[in-house]
Amino acid sequence: MLRLAAPVRGRAPLRLAGNPQRIPSTLRLAGVGLSGRTAGTLKTATLKPLAISETGLIIARTVGARVCTGDSGGPVVIPGRNGPLLWGVASAVITPQAPCGNILMIAPAKVGGQQS
């Protein structure tokens, strides 16, 4: 998360999901990944959670898509009544053959050191 010096105009921030400890059956990632040697185009991918580590990181796989270096840091959201809710952040792409794969780690959203 970043603290900006001035508010962004014309855009509202994503609201945080209410309980990131309860892992939804489906998540959605937005990222730009890599396209050759430069950043790619903004795309989304559906994610299926597989496991949770002792530290709270989620291991997930993509459904019908791939994630690439550069997708790390992208928002992971769940649907909410009034739009998407921020559930976490993509933290690492796990692949035996860089730069793309279908497994990634997700860090759940936290507020002030506490999970919201």
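Author: Contact here means heavy atoms within 4.5 Å. The model under discussion is predicted.

Reader: Which residues does leucine 47 touch, not counting residues up to four places away in sequence?

Author: Leucine 47 touches Ser25, Thr26, Leu27, Leu29, Ala60, Arg61, Thr62, Val76, Leu104 and Ile106. Leu47 is also listed with Leu27, Leu29, Val76, Trp87, Leu104 and Ile106 as the residues with the most contacts inside the largest nonpolar core, which has 14 residues.

Reader: Which elements give two or more residues to this core?

Author: Strand E2 (27–31), E6, strand E8 (75–78), strand E9 (85–94) and strand E11 (103–108) do so. The largest share, three residues, comes from E9.

Reader: How should threonine 62 be read: is this residue buried or exposed?

Author: A residue counts as buried when its relative accessible area is under 20%. Threonine 62 has a value of 4%, and is therefore buried. Threonine 62 belongs to strand E6, which spans residues 58–63.

Reader: What is threonine 62 in contact with, leaving aside its neighbours within four places in sequence?

Author: The partners are Thr46, Leu47, Val67, Asn102 and Leu104. In addition, a polar atom of the threonine 62 side chain lies 2.5 Å from the backbone oxygen of alanine 65.

Reader: How many helices and strands does the chain have?

Author: The chain has zero helices and 13 strands. Of its 116 residues, 28% count as buried. Among contacts between residues at least 6 apart in sequence, 50% join residues at least 24 apart.

Reader: What area does the chain expose, and what share do carbon and sulfur atoms supply?

Author: The exposed area is about 7800 Å², and carbon and sulfur atoms supply 55% of it.

Terms used: Residues are numbered from 1 along each chain as its sequence is written. This is a predicted model: local features need pLDDT of at least 70, side-chain atom pairs count only at pLDDT 80 or more; totals for chains, interfaces and linings use all residues. Side-chain values use heavy atoms; hydrogens and water are left out. Helices (H or I, at least four residues) and strands (E, at least two) are DSSP runs, numbered from the N terminus. Buried means under 20% relative accessible area, exposed over 50%, partly exposed in between (1.4 Å probe, protein chains only). A polar contact is a pair of N or O atoms within 3.5 Å; within protein, one must be able to donate a hydrogen and the other to accept it, and residues adjacent in sequence count only if both atoms are side-chain atoms. Accessible areas come from the Shrake-Rupley method with a 1.4 Å probe; for residues, only the protein chains shown count as cover. A nonpolar core is a set of buried Ala, Val, Leu, Ile, Met, Phe, Trp, Tyr and Cys residues joined through side-chain atoms within 4.5 Å.
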